[in-house]
Amino acid sequence: MKKALSNQIKTRKSNIIVILATMIMTYVVGVVLISGLLHSDDTATRYIVIGTPLALGMGLFVNFFLIIGNYIEGFQTSIAMGRTRKTYIIANYISECLIILGMVLMSVVMFFIENAVNNIIYVGYEYNDVYKDIFSNFGYIAVVAIVILVLPIVGMFVSALYQRFGKVVFWVVWGVYMLVTMSGSGLEAVVMNNIANLMLDNTIVKAVIAVVAVIAVIGMAVSTMSLSLKQEVKNY
């Protein structure tokens, strides 16, 4: 397993470079954006750290598609070269979790750097600390942990479906996306308002949603394993 995990990390060097480049470029864009907004608005009295969340968000977005592509290609190649399916699946999952963990740690460093630089540059402006609870509130830490553990499962699940059913999977996802988009902001507002009303001080609803989410993730994990164990392998 150690060797398989080591190989997984090595094969992701190019992916890691793409992720780092994406985060750094988005980070710079965020820093420049907030600077431009402050200097163009004479009435502005506050500023926020925006480069870090933009960098992490874009990094996760890009990484999600890298997870899908890497699993599709890596699965076929690894199994054709004699590696057991179960070993590959587990090693792939762990390596993806480690990469996302690295992204989170990098965003923490970015946050402190950006905050320190802003305190020097924006003298006279009030710092609107919208992230003050991130490092002290257990709920935020739990969300980060969930992202690290769940995002690879979702990506691998989509990959497994693609290998089994082909491009129809992406057409279905695209169809759902377009349906929501074409429905307009009205439908989105209604759905979000209903969710907000249900979540507001309703412990039972929160518990039900949590249970459903856990079942869905477990279902995706089991389905990924099942589909991958039965997946035909191309000969190279």
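Buried means under 20% relative accessible area, exposed means over 50%, and partly exposed covers the range in between. Keep that scale at hand for the exercises below, which use a predicted model.

**Exercise 1. Place N63 in the fold and decide whether N63 is buried or exposed.**

Step 1: Find the secondary structure element. N63 sits in helix 3, which covers residues 51-80.
Step 2: Read off the relative accessibility, which is 2% for N63.
Step 3: Compare with the cut-off. Buried requires a value under 20%, so N63 with its 2% counts as buried.
Step 4: List the partners. Setting aside neighbours within four places in sequence, N63 contacts I19, E96, I99, I100 and M103.

**Exercise 2. Classify V108 by accessibility and give its C-alpha separation from L56.**

Step 1: Locate V108, which belongs to helix 4 (residues 85-121).
Step 2: Take its relative accessible area of 26%. The buried class ends at 20% and the exposed class begins over 50%, so V108 is partly exposed.
Step 3: Turn to the backbone. V108 and L56 are 52 residues apart along the chain, and their C-alpha atoms are separated by 9.6 Å.

**Exercise 3. Work out the geometry of the ring pairs F64–F65 and F111–F112.**

Step 1: Recall the two descriptors. A pair of aromatic rings is described by the distance of the centres and the angle of the planes.
Step 2: Count the pairs; the model has 4 aromatic pairs.
Step 3: Take F64 and F65, with 5.6 Å centre to centre and 80° between the planes. Angles over 60 degrees count as edge-to-face, and this pair is edge-to-face.
Step 4: Repeat for F111 and F112. Here the centres are 5.6 Å apart with 80° between the planes, again an edge-to-face pair.
Step 5: Add the surroundings. F111 is buried at 9% relative accessible area, whereas F112 is partly exposed at 47%. F65 is partly exposed too, at 46%.
Step 6: Look for a wider group. F61, F64 and F65 are linked into a cluster by ring pairs.

**Exercise 4. Describe the largest nonpolar core and find which helix supplies its largest share.**

Step 1: Start with the members. This core has 24 residues, and I19, M23, Y71, M103 and L151 touch the most other members.
Step 2: Assign the helices. Helix 2 (13-40), helix 3, helix 4 and helix 5 (138-165) each supply at least two residues.
Step 3: Pick the main contributor: helix 3 gives the largest share, 9 residues.
Step 4: Zoom in on M23. Not counting residues up to four places away in sequence, M23 touches A55, L56, G59, M103, M106 and M110.
Step 5: Check for another core. A second, separate one has 8 residues, including I153, L161, V217 and M220.

Technical notes
Residues numbered from 1 in each chain as written. Predicted model: local features only at pLDDT ≥ 70, side-chain atom pairs only at ≥ 80, totals over all residues. Heavy atoms only, no water. Helix = DSSP H or I, 4+ residues; strand = E, 2+ residues; numbered from the N terminus. Buried < 20%, exposed > 50% of the residue type's maximum accessible area, 1.4 Å probe, protein only. Contact = heavy atoms within 4.5 Å. Phe/Tyr/Trp six-rings, centres within 6.5 Å; stacked < 30°, edge-to-face > 60°. Core = buried A, V, L, I, M, F, W, Y, C linked by side-chain atoms within 4.5 Å.
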